[in-house]
Amino acid sequence: MIPAEAQQPKTVNVGPVILLGAPGAGKGTQAKAIAARYGIPQVSTGDLLRDNVLRGSELGRAAQAYMDRGELVPDALVFDMLRARLGNVDCNRGFILDGFPRNQAQAEWLDKLLRDRFFSEACWVAPIVLSFTVEYNGLLQRLTGRRSCPACGRIYNIHTQPPKVAGVCDVDGAKLVMRQDDTEDVISERLKVYEEMSLPLRQYYARQGRLVEVDGNRPQAEVTALAWHALDEHARSGEPHIC
Ligand code: AMP
């Protein structure tokens, strides 16, 4: 259990936070807990893309076929979308990236963006990277059981964290939905894509001393406590210097 005091929003600056982890590793859930504590927004490239698909935008139409197959959307499309989102004022104190970067080219692009656009050379803020690892069967169970509320975004799992009334959100009574790409054949493609890029990406950040590994197999509240602890330490070190 996380003490109530620890759940109060923190005024410390953590700067940009990157969450790495396979689909189903709990990035979305942990991003929400981090957002609540540090007062910085969750920026999920998957959510942004799904929103574009729903609205039928040009980007959405271009991205949909890749997403339906569980493949990565081409970098150029994702870059334009993310550059615009990170330019919003709510990202000035920092942000939580969930689902980005997915490969080394994206990681390098992000470093350059942070240097050029957000901070001057003198006070550029290197992101801290939390990598959540969860064993394969755990991922499958989480993905096939995942349901979310289209109204408030709350995430449930029919096996491990069901709503009080089956199929209905506890908070607002909306009918829960399953993501289109949480079907078994698409899931295996998404996990394969993640596996291929995971090691090089983690090595990229480990070489720069920014990677913190978090055991995502543990109960959700414990994972949150580990993540918060790592971010508090990072903030205490004075590294995330916002100008
Ligand atoms: P997610 O919600 O993070 O699991 O992402 C869902 C889908 O959106 C992925 O399977 C990809 O098709 C696409 N997507 C999300 N983030 C990225 C990214 N950083 N690069 C390329 N495609 C992405």
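Helices α1 and α8 cross with a right-handed sense in this predicted model. Helix α1 covers residues 27–38 and helix α8 covers residues 220–236; their axes come within 10 Å and cross at roughly 50°. Angles from 35 to 65 degrees fall outside the parallel and perpendicular classes, and α1 and α8 are therefore oblique to each other.

On the α1 side, the contact is made by T29, Q30, A33, I34, R37 and Y38. On the α8 side, Q220, V223, T224, A227, W228, L231 and D232 take part. Sorted by class, this contact of α1 with α8 has 7 nonpolar, 4 polar and 2 charged residues.

**Ligand surroundings**

The ligand is surrounded by 16 residues, and the closest are T45, R50, E71, G99 and Q106. Polar contacts with the ligand include those in the table.

| Residue | Protein atom | Ligand atom | Distance |
|---|---|---|---|
| T45 | polar side-chain atom | nitrogen | 2.8 Å |
| G99 | polar backbone atom | nitrogen | 3.0 Å |
| R190 | N or O atom in the side chain | oxygen | 3.4 Å |

For T45 the protein partner is a side-chain atom, whereas G99 uses a backbone atom. In both the T45 contact and the G99 contact, the ligand partner is a nitrogen atom. R190 instead pairs a side-chain atom with an oxygen atom of the ligand.

**A cis peptide bond**

F100 and P101 are joined by a cis peptide bond, with omega at about 0°. P101 sits in the loop between strand β3 (96–98) and helix α5 (104–118).

Terms used: Residues are numbered from 1 along each chain as its sequence is written. This is a predicted model: local features need pLDDT of at least 70, side-chain atom pairs count only at pLDDT 80 or more; totals for chains, interfaces and linings use all residues. Side-chain values use heavy atoms; hydrogens and water are left out. Axes are lines fitted to C-alpha atoms, for helices over the stretch in contact, and angles run from 0 to 180 degrees between N-to-C directions. Helices (H or I, at least four residues) and strands (E, at least two) are DSSP runs, numbered from the N terminus. Angles under 35 degrees count as roughly parallel, over 145 as roughly antiparallel, 65 to 115 as roughly perpendicular and the rest as oblique. A crossing is left-handed if the near helix is turned anticlockwise from the far one by less than a right angle, and right-handed if clockwise. Contact means heavy atoms within 4.5 Å. Ala, Val, Leu, Ile, Met, Phe, Trp, Tyr, Cys and Pro count as nonpolar, Asp, Glu, Lys and Arg as charged, and the others, Gly among them, as polar. A residue is near a molecule or strand if one of its heavy atoms lies within 4 Å of it. A polar contact is a pair of N or O atoms within 3.5 Å; within protein, one must be able to donate a hydrogen and the other to accept it, and residues adjacent in sequence count only if both atoms are side-chain atoms.
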